[in-house]
Amino acid sequence: MFFVALFIIFNILYLCTQMPVLALGFTDWSNLILLWGIFLIWFSVRALALSGQGAFGNTLLGKLLNKLFSAQISDEAKVVNVTNYKGIVKYKRLALGGFILIGLGLANSMILPILTSNTLFFNQEYRSLLGNVTESSFVADVEPINLSQIRIIDEETAIKLADKKIGEVPALGSATQMGDMVLQKVQNKLYYVAPLEHRGIFQWLSNQQGSKGYIMVSATNPDDVKLIQDVNGQTVFLKYQLGGFLFDYLPRYLYFHGYVNIGMTDFSFEVDDNLNPYWVVTLYKNKIGYAGSDAVGAVLVNAQTGEITHYSVADVPAWVDRIQPESFVYQQISNWGEYINGFWNSVFAKTGTLRPTGDRLNLIYGNDNKIYWYTGITSSGRDDSSVGFLLVNSRTKVAKWYKVAGATEDAARRSAEGQVQEKSYRAGYPVLYNINGVPTYIAPLKDKEGLLKMVSFISVENYNIVGVGPDIESALQAYQQNLLDKGNNFVPSNVVKQISLHGTVTRFSQMVKGGESYFYFTLDNDPRIFVSTVNISSKLPLIRVGDVVDISVNDTQESPRGVLKLNTTNY
């Protein structure tokens, strides 16, 4: 009985620590089945030996039993006990069941995955997992974004800013550690949000209510860093988290609340527009045998109360930014490009095959409140140039393909770094935006410490067209000027129209950024702010309030609006 109890305890510990998905199409329950098979065989053989080893006579099995259990077998047990025949049959059936379980475990872990998921046989199923990929127009789908919403803080810089904020609160850093940063839109602004989790088991034991608060770092303003420890007058305690133990550990908490037969992944910390903290967990199934993982829903867990709400993909609340995990979408994009002409072509000729330009995807936020996973697409064997890019809706997985030849993300980074090579700045990961109808990479330029120093705009179509400045406005001005000077052949850029304005200057101010002067002014009967440099007109420094000017600007929603042409009738 001791060994039986020990085996049961081991099973409970295995379920608590490994949390295998108990469903067909997953292999992680195979180990449990194999262990049960071995246990049943051992238990049956031992029982047979103790109850009547003589039933096996001088057979090989009988001699083996005698050798293994000789110390425990009495002389009476070496004689066949006819009255115990039914018990012997029962134990033999248990042993047979054990062999069946071992066969099932081996089949589920080794044989079935090969037969049902091999790319040699199912490559087109893998390719179609992304869904219907439609070719579309970038300008039509992604609206130009307001300059105030352009992301200039990358994750590396956000982590440094968050660490600095945490260090300002005594003892907070010794009790908690920062969890993974998750980019999200909160109250219509972009933030990196990370939970403050228990640093270890002793901190967990001394704070059973949960760790206190989370941190928000603006993705657009390095001065906007918030430590949130109270919401609506109530202290925020994150009881359920990835830094918890026992049943405060989020995956285990969900597993023992019924999510044992479906895959769980992408445990993302998000807050709603009222700043209430939640965990968003993607639920998935394997669609091609034992592979082809695909999201089928999501679970929202209140990080404070543990309340669980299950949603289908279509019904997830609007404030949740992503349901489709980056790893799933990246793999599906890779399969979509790799198996375009079948399996053998992907191995040998590689005719027409495509692949993502990098090893990761990036989230981009459109002005239409839609969020996309983005990656450039390049032909196999090409390094610095792309043949287009894919945008995949991070909620619905609707995929669109844009055939815009241009630079890869790495090539764009090198081009931006080349503009400031004397400063040895590093470019962060470029993010794709629609700037006046032109697909444009925007990348932060950081010093050796990872702190933001400048901003760069790089044309996707021609990475030699670069604008660099100490802030977004000045970098945009330089970029627009370079577009005008060097030209841009990207056809959709013509969709953005230039408009001419005539008016009297009502306010005029000069500001120096990065050693260059920028002139800001407003016109009568027009609430917008306009900005320009002497590269546009040498008359700018002479303008005064009351002067009448004629200007040309792009018909976009950006603010302040960059001036493309300027003339004054006063001189």
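**Exercise 1. The barrel**

How many strands form the closed barrel, and in what order do they run?

*Solution.* The structure is a predicted model. Step one is to identify the sheet: five strands make up a closed barrel in the order S27-S28-S29-S31-S30, and their pairing is mixed. Step two concerns the geometry: on average, neighbouring strands of this sheet are turned by 55° against each other, direction ignored.

Step three follows individual pairings. Strand S27 (residues 498–513) is joined to strand S28 (residues 516–523) by eight bridges in the antiparallel sense; here Val512 has Ser517 of S28 as its bridge partner. S27 also pairs with S30, again antiparallel, over seven bridges, and Ser500 is matched with Ser552 in S30. Finally, S30 (residues 548–554) and S31 (residues 561–568) run antiparallel and share five bridges, with Ile551 placed opposite its bridge partner Leu566 in S31.

**Exercise 2. The open sheet**

Determine which strands lie at the edges of the open sheet of four strands.

*Solution.* The order of the open sheet is S11-S12-S13-S14, with antiparallel pairing. S11 and S14 each pair on one side only and are therefore the edge strands. Neighbouring strands in this sheet are turned by 30° against each other on average, direction ignored. For the pairing at S11, seven bridges connect this strand to S12 (residues 277–288) in the antiparallel sense. Ser268 has Val280 in S12 as its bridge partner.

**Exercise 3. A salt bridge between distant parts of the sequence**

Explain why the salt bridge of Arg322 and Asp266 ties together parts that are apart in sequence.

*Solution.* First, establish the contact: the closest N and O atoms of Arg322 and Asp266 are 3.6 Å apart, and the two residues form a salt bridge. Second, locate the partners: Asp266 belongs to strand S11 (residues 263–271), while Arg322 lies in the loop between strand S14 (308–312) and helix H11 (326–338), so the pair links parts 56 residues apart in sequence. Third, consider the surroundings: Arg322 has a relative accessible area of 16% and is buried.

The helix that follows this loop can be examined in turn. H11 contains 13 residues and spans 18 Å from its first C-alpha to its last, close to the 18 Å expected at 1.5 Å a residue. Its buried residues include Phe328, Ile333 and Trp336.

**Exercise 4. Burial of salt-bridge partners**

Classify Lys453, Asp447, Arg528 and Asp526 as buried or partly exposed.

*Solution.* The cut-off needed is that a residue is buried under 20% relative accessible area and exposed over 50%. Lys453 and Asp447 meet in a salt bridge at 3.9 Å, N to O. Lys453, at 39%, is partly exposed, whereas Asp447, at 15%, is buried. Arg528 and Asp526 form another salt bridge, in which the closest N and O atoms are 2.8 Å apart. Arg528 is partly exposed at 27%, and Asp526 is buried at 16%. Shared partners also join salt bridges into one network made of Asp154, Glu156, Arg426 and Lys446. The whole structure holds 12 salt bridges.

**Exercise 5. A nonpolar surface patch**

Identify the residues that form a nonpolar patch on the surface.

*Solution.* The patch consists of Leu24, Leu106, Met110, Ile111, Leu112 and Leu115. Together these residues have about 600 Å² of accessible area. To place one of them, Met110 is found in helix H4 (residues 85–117).

Notes
Residues are numbered from 1 along each chain as its sequence is written. This is a predicted model: local features need pLDDT of at least 70, side-chain atom pairs count only at pLDDT 80 or more; totals for chains, interfaces and linings use all residues. Side-chain values use heavy atoms; hydrogens and water are left out. A salt bridge is a side-chain nitrogen of Lys or Arg within 4 Å of a carboxyl oxygen of Asp or Glu. Helices (H or I, at least four residues) and strands (E, at least two) are DSSP runs, numbered from the N terminus. Buried means under 20% relative accessible area, exposed over 50%, partly exposed in between (1.4 Å probe, protein chains only). Patches are made of residues with over 30% relative accessible area and no salt bridge: like charges are joined within 9 Å, nonpolar side chains (Val, Leu, Ile, Met, Phe, Trp, Tyr) within 5 Å. Accessible areas come from the Shrake-Rupley method with a 1.4 Å probe; for residues, only the protein chains shown count as cover. Two strands pair if DSSP finds at least two bridges between them. Axes are lines fitted to C-alpha atoms, for helices over the stretch in contact, and angles run from 0 to 180 degrees between N-to-C directions. The expected span of a helix is 1.5 Å times one less than its number of residues.
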